Amino acid sequence: MSAAILKSHEKDLGGGFVVRRLLPSAVKQAVGPFIFFDHFGPIDVAPDADHDVRPHPHIGLATVTYLFEGAIDHRDSIGSYQRIEPGAINWMTAGRGIVHSERTPHDLAGQPHRTHGLQLWAALPKAHEEDEPSFTHTPQADIPVVALDGAVVKVLIGTAFGQTSPVRTYMQTLYLDVALQAGRTLRLEGLPAEAAIYPVSGEVLVDGVALVPHTMALLEEGKVPVVTAGGGPVQFVVIGGEPLDGHRFLFWNFVSSSKERLSQAADDWSAQRMGQVPGETEFIPLPKAPLRPAS
């Protein structure tokens, strides 16, 4: 069925906001450029819940935010403001450094609502790790949708089933959101060298083998997996791309091909030299743990 199965582990981001993290993994650091994969929700958010993420920094990566339910207000240190809503792709290139916050919109604050989505990080190629930071919002209306026999595929990033997303990337990248009707199958042809499947809901079978919820199946290069919806309709995502150009080191919100660069970023954030988000006075301090970059 697959080259390996990655299990999720839960991370509490504060305020009872728990995510299931699949990448990075001890089994495989990244799938294509994707070096970080968090699935949050679906969560029924209480009126008094505080799931806001205060300003914090990034380097050497691009954040990729995609919602199924709810809304998030994005603000960053280059002046971007964007209400993130279901179906849109929000790509923030950190490059040499950016600071951003993710907060509950005013119209949802103090109101019961639901939130559900995915946040991924794409590590930047070495040649682009120090690019100028930027933010790009691609609305749902601009995302290609392919209707197949029993399946609907949203081509969020990359090219699949004859359609290409307008989202600009730095290397071959694939990100699909697939809805499959009960009992139907879908052949995933033309996948990149590295690819994986993650079930969002329902019983997803890959080559006839059920994929346990909250796990990710790494796919074998050169093979054409067949995905089946067992027992009812399913939703899953496919991620992948060409392999990264070498190992990456991670510390907190920083990704780099250089350990020394992580140390510099940590010093810069501690000294508040990475910029400020307009209108924000709070920030998340650097973790007190010593800098021991994950390998």
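E194 turns out to be buried in this predicted model, with a relative accessible area of 17%. That value falls under the 20% mark, so E194 gets the buried label. Its side chain still finds a partner: E194 and K28 meet in a salt bridge, at 3.1 Å from N to O. K28 counts as partly exposed, at 24% relative accessibility. The two come from distant parts of the chain, 166 residues apart, with K28 in the loop between β3 (18-23) and β4 (34-45) and E194 in strand β19 (residues 194-206).

Another pairing brings D107 and R83 together, with 2.8 Å from N to O. D107 sits in the loop between β10 (98-103) and β11 (113-123) while R83 belongs to strand β8 (residues 81-84), so this salt bridge ties together parts that are 24 residues apart in sequence. Here D107 is partly exposed at 46% relative accessible area, and R83 is also partly exposed, at 26%.

Then there is R103, in a salt bridge with E282 whose closest N and O atoms are 2.8 Å apart. Again distant parts of the chain are linked: R103 lies in strand β10 and E282 in the segment after α1 (259-270), 179 residues apart. R103 counts as buried at 16% relative accessibility, whereas E282 is partly exposed at 42%. The pair also belongs to a network of salt bridges that links D52, R103, E280 and E282.

As for the overall tally, searching the whole structure turns up 17 salt bridges. In general terms, side chains of opposite charge can pair when their charged atoms come close.

Conventions: Residues are numbered from 1 along each chain as its sequence is written. This is a predicted model: local features need pLDDT of at least 70, side-chain atom pairs count only at pLDDT 80 or more; totals for chains, interfaces and linings use all residues. Side-chain values use heavy atoms; hydrogens and water are left out. A salt bridge is a side-chain nitrogen of Lys or Arg within 4 Å of a carboxyl oxygen of Asp or Glu. Helices (H or I, at least four residues) and strands (E, at least two) are DSSP runs, numbered from the N terminus. Buried means under 20% relative accessible area, exposed over 50%, partly exposed in between (1.4 Å probe, protein chains only).
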